[in-house]
Structure formats: C-alpha cells, structure tokens
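User: I am new to this structure and would like to learn how to read its features one at a time. Could you take me through them, giving the general idea before each case?

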Amino acid sequence: MAEHGDLLVIGYGNPGRGDDGLGPEFARRLAATAKPGIRVEIDYQLTVDHAQMVASAGRVLFVDAAMNLAAPCTLRRLSPDPRAALDSHSLSPEAVLALADILYGQCAEASVLAIGGESFGEVHEGLSPVAHRNLVLAEEIFRAWLAGQSTRPMVADAAATRAGARASR
C-alpha cells in the first residue's frame, strides 16, 4: 500500500491488444527506474479494488492508451465523478476517485496521462512505431510534471513528434 503522500502510478490496458498496452508499458518502464515515494501498479483495467490504493496515496496518475487523440499524449487533472458508471468489472478513473471518497473518505489529487496509439484491433503484443514514439514523449511529460514544472494541462507537441520521426529515418 502506498504511504499517504506518495505518488501512485497505475498503468492499465491490455498488452495483448497492441497499443492498448501503452499504460502497462509506461508503468513497467517507470517501475524499473522508480524513485522512493513512487509506487507503480500495472493492471488490465481499473476496478473497485483500486479505490483503496487511491485513498491511501497522496497523488495518483492514471496512465492509459487513447485512440484519436489530437496530440501524441495529454496530461490533465481529474475530479471524482459520483455519477460515473460503477461496474464491478471495469471503472473510469473518475469513478475510482469517487469510490475512494465514498468508501474511505479520502480522495487523492489525480491526473490522467493519455498516450495515443493507432493499433488496437488485432490480438498481438507489441507497440506500433507511432505508439512507441508517443510513449517516449509521455515519459518526458511525466518527468516535467513530476518536477512540478507545470500544473496546467500538458500536451505533447505533435510537430516535434513528426520532426523526431523524420530525423530517426
């Protein structure tokens, strides 16, 4: 369990569905280099069980793959949504926050890091080249966020992503 005040990072998604594995891959890479005060969890989806973890953390970052993002990745603050659908099988980050507040009377400051992908349909492991580039950008945004360089929503620069892709060819 995370100590109160620690950062809890939950990377979720299905690595067996291509780019849907962006959240778990981000979390796996972070866990390999995590500093004290950062707890990393990896899961296929968010469930009611995550509410207790969220309630005991100081801050929470949910990391997930996203389709059709206008940018390679985005980072934004979240608020609990008591109207969010509560399902025992899968929850939204806002629903997990609401449950933490309802069940434990505590709700951590929370954000979501959405990482854009393009290959979600077929059953296969591994990230597409676009998803891999977006993952690297997401790691940069995370480091800036962790260092407190910005409290406003952050968006990776799509032009920089394209320039980086051309330079790597």
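User: When two strands lie side by side, I would like to know how to find partners across them: which residue in β5 is the bridge partner of Arg 77?

Analyst: A bridge is read by taking a residue in one strand and looking across to the neighbouring strand. In this predicted model, Ser 111 in β5 is the bridge partner of Arg 77. That match belongs to a wider pairing, in which strand β4 (residues 73-78) and β5 run antiparallel and are joined by six bridges.

User: Which strand pairs with β5 in the parallel sense, and over how many bridges?

Analyst: The direction of each strand has to be followed as well as its neighbours. Strand β3 (residues 59-66) pairs with β5 in the parallel sense, over eight bridges, and within this pairing Asp 64 has Ala 114 of β5 as its bridge partner.

User: Is strand β5 largely enclosed or not, and why?

Analyst: Here one counts the buried residues along the strand, where buried means under 20% relative accessible area. Strand β5 covers residues 109-116, and because seven of these eight residues are buried, the strand is largely enclosed by the rest of the structure. As a general point to keep in mind when looking along any strand, side chains in a regular strand alternate between the two faces of the sheet.

User: How does the chain cross from β1 to β2?

Analyst: It helps to establish the pairing before following the connection. Strand β1 (residues 7-12) and strand β2 (residues 38-43) run parallel and are joined by six bridges, with Leu 8 standing opposite Arg 39 in β2. Between β1 and β2 the chain passes through helix α1 (residues 22-33), and this β-α-β crossover is right-handed.

User: Where does Asn 68 lie, and is Asn 68 buried or exposed?

Analyst: A loop residue is best placed by the elements on either side, after which its accessibility can be read. Asn 68 lies in the loop between β3 and β4, and Asn 68 is exposed because its relative accessible area is 76%, where exposed means over 50%. Although Asn 68 and Glu 118 are 50 residues apart along the chain, their C-alpha atoms are separated by 7.9 Å.

User: How many aromatic pairs does the structure hold?

Analyst: For each pair one reads the distance between ring centres together with the angle between the planes. The structure holds two aromatic pairs, one of which is the edge-to-face pair of Phe 26 and Phe 142, at 5.5 Å centre to centre with 85° between the planes. This pair links distant parts of the chain, since Phe 26 is in helix α1 and Phe 142 is in helix α4 (residues 129-146), 116 residues apart. Phe 26 is buried at a relative accessible area of 2%, and Phe 142 is buried at 5%.

Phe 142 also forms a tilted pair with Trp 145, at 6.0 Å centre to centre and 40° between the planes. Because Phe 142 and Trp 145 are three residues apart in helix α4, they are separated by about one helical turn. Ring pairs thus link Phe 26, Phe 142 and Trp 145 into a cluster.

User: Which residue lies over the face of Trp 145?

Analyst: A charged group can be placed relative to a ring by its distance from the ring centre. Arg 59 lies over the face of Trp 145, at 4.6 Å from the ring centre, while Trp 145 itself counts as buried at 10% relative accessibility.

Technical notes: Residues numbered from 1 in each chain as written. Predicted model: local features only at pLDDT ≥ 70, side-chain atom pairs only at ≥ 80, totals over all residues. Heavy atoms only, no water. Buried < 20%, exposed > 50% of the residue type's maximum accessible area, 1.4 Å probe, protein only. Helix = DSSP H or I, 4+ residues; strand = E, 2+ residues; numbered from the N terminus. Pairing = 2+ DSSP bridges. Right-handed = clockwise from strand over helix to strand, strands pointing away. Phe/Tyr/Trp six-rings, centres within 6.5 Å; stacked < 30°, edge-to-face > 60°. Lys NZ or Arg CZ within 6 Å of the ring centre and 35° of its normal.
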